[in-house]
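Hi everyone, thanks for making room for me today. Have the sequence and the structure open in front of you, and let's walk through them together.

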Amino acid sequence: MGLLFEALDTRCAENKVLIKTTRYDAGPRARAMRYTVDEAVAHIEQSRRILEWEKKVLVRFRNEGLNNIPSANHFFYDRSLTLDPAYEGKFGQYNIPSKYLSNEPFLVMEYIEGEILEDAMKRPEFRARLDENLMGLARELLTIFIRMHREKDFGPNTGYFIYQDLKPANILVSHHDYFTLIDFGGVTLRLGGKTTDPTAGCITPGYAAPEAEGREAYIDSRFDLYTLGATLWHAVTQKDPRDLGEFPRLDPGQLKGIRPETARVIVRALSSNPDARYPSAAEMRKDVIAALRAARG
Ligand SMILES: Nc1ncnc2c1ncn2[C@@H]1O[C@H](COP(=O)(O)OP(=O)(O)O)[C@@H](O)[C@H]1O
Ligand SMILES: [Mg+2]
């Protein structure tokens with residue numbers, strides 16, 4: 001979605017960093033910008049809000065002591081690298097108000113060496129210890145979810161965060177078995193029984209739990225447990241849920257070559273009825289730890 005750069009921080013020991021910013025395609029193929037000027041401004045402001053939100057979420061959870069997420073090092077505004085002064089819109093050419101051209105957010109974060117789980121899970125070294133690796137991964141992710149799902153005061157209301165967009169493309173694997181959760185741009189805050197802007201409904205077809213169908217804004221914490229099940233199902237079967245439709249049934253019968261303890265955890269997380277899933281990340285983590293012990297013998 002965005003534009004990403006690997007960069008060296010010249011002010012800080014030439015540390016490698018990742019810079020994330022917004023992208024607005026230009027040229028004749030810029031279908032995403034076939035707007036009126038008001039629609040273009042709304043689109044620009046929404047993209048900016050999401051990146052600003054990602055920074056806030058990262059800083060918040062790093063400050064709370066989570067360390068297998070990237071640290072946000074810096075955040076600044078500068079000239080947009082992809083926004084053009086003029087676009088071909090629905091009703092002819094329109095001009096972007098100039099204040100938007102020089103005011104695009106850039107999020108600088110820690111660069112994590114590794115590869116995304118989607119690639120790592122294909123490697124023989126990873127598959128040789130599949131149960132151990134996947135239950136180790138699930139334990140780390142559930143530790144993060146326990147923290148995110150904890151109710152907190154937000155003004156007069158209480159609410160909690162839902163990660164919302166778990167999938168193998170949003171997990172980095174380093175040294176075969178160290179996991180980092182990335183991409184906090186999809187995290188949403190659930191307040192008053194409903195997820196909130198700017199990220200309400202940021203879900204990925206295939207991994208999303210069935211209760212989201214037509215009701216994306218009403219999901220609760222158990223949605224994350226399903227997406228973890230779907231992520232593990234993808235890793236075991238090597239079948240991409242995105243190829244199976246928007247809300248596919250991920251067949252438990254295809255979970256082959258893993259221990260029964262591991263399979264049971266995945267199958268329960270994938271229950272289509274949220275009440276049949278684990279009631280919380282903490283409850284799921286208990287079974288994951290038991291499955292991890294069994295895998296380690
Ligand atoms: N902190 C990081 N360190 C190293 N690579 C990263 C980091 N964050 C993202 N990436 C790489 O960039 C890709 C896209 O990043 P992501 O945050 O998921 O953006 P998007 O919102 O476009 O999905 C990831 O799949 C990963 O390969
Ligand atoms: Mg991503």
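Asp 183 sits in the loop between β11 and β12 (188-191). Please keep in mind that this is a predicted model. The backbone at Asp 183 caught my eye: phi is near 65 degrees, a positive value in a residue that isn't glycine. Is Asp 183 buried or exposed? Asp 183 counts as buried, because there are 20 C-beta neighbours inside 10 Å, and 20 is where the buried class begins.

Asp 183 also turns up beside the ligand. Ligand 1 has 15 residues around it, and those that come nearest are Met 1, Pro 70, Ile 112, Ile 182 and Asp 183. What classes make up that shell? There are 10 nonpolar residues, three polar ones and two charged ones. Both domains contribute to the shell around ligand 1, with at least three residues each from domain 1 (2-110) and domain 2 (115-296).

That brings me to the domains themselves. The chain is divided into domain 1, residues 2-110, and domain 2, residues 115-296. Their C-alpha centres lie 27 Å apart. The contact between them takes 14 residues from domain 1 and 12 residues from domain 2. On the domain 1 side, the residues that touch domain 2 are nine nonpolar, two polar and three charged.

Now let's look at a sheet of four strands. This sheet is open, its order is β1-β2-β6-β3, and its pairing is antiparallel. Which strands stand at the edges? They are β1 (3-9) and β3 (72-78); each has a single partner strand, so one side of each is left without a neighbour in the sheet. On average, neighbouring strands here are turned by 25 degrees against each other, ignoring direction.

Follow β6 with me for a moment. Strand β6 covers residues 104-110 and runs antiparallel to β3, with six bridges joining the two. If you want to find this pairing on your screen, look for Phe 76, whose bridge partner in β6 is Phe 106. Right beside that pair, Tyr 77 stands opposite Pro 105 of β6. Turning to the other partner, β2 and β6 also run antiparallel and are joined by five bridges. There, Leu 18 has Met 109 in β6 as its bridge partner.

How much of β6 is buried? Five of its seven residues are, so to speak, under cover: the strand is mostly covered. Helix α1 (residues 37-63) lies across β2 (15-21), β3 and β6, and runs at about 30 degrees to β6.

Staying with this sheet, let me point out the loop between β1 and β2, which is the place of Glu 14. Phi of Glu 14 is near 55 degrees, again a positive value in a residue other than glycine. Glu 14 is exposed, because 9 other C-beta atoms lie within 10 Å and the exposed class takes in counts of 12 or fewer.

Next, a second sheet. Three strands form this open sheet, in the order β7-β10-β11, and the pairing is antiparallel. Its edge strands are β7 (115-116) and β11 (178-181), and each of these pairs on one side only. Between β10 (residues 171-174) and β11 there are four bridges, in the antiparallel sense. A pair to look for here is Val 173, which stands opposite Phe 179 in β11.

I'll finish with two prolines. Which peptide bond is cis? The bond from Asp 197 to Pro 198 is, with omega near 10 degrees. Pro 198 is found in the loop between β13 (194-195) and α5 (222-237).

The other proline is Pro 279, in the loop between α6 (260-269) and α7 (281-296). Pro 279 is exposed, because its count of other C-beta atoms within 10 Å is 12, and 12 still falls in the exposed class. Pro 279 and His 149 are 130 residues apart along the chain, and their C-alpha atoms are separated by 12 Å.

That's my tour, thanks for listening.

Conventions: Residues numbered from 1 in each chain as written. Chains lettered and ligands numbered in written order. Predicted model: local features only at pLDDT ≥ 70, side-chain atom pairs only at ≥ 80, totals over all residues. Pairing = 2+ DSSP bridges. Axes fitted to C-alpha atoms, helices over the stretch in contact; angles between N-to-C directions. Contact = placed C-beta atoms within 7 Å. Near = placed C-beta within 6 Å. Nonpolar A, V, L, I, M, F, W, Y, C, P; charged D, E, K, R; others polar. Domains from an automatic or database assignment.
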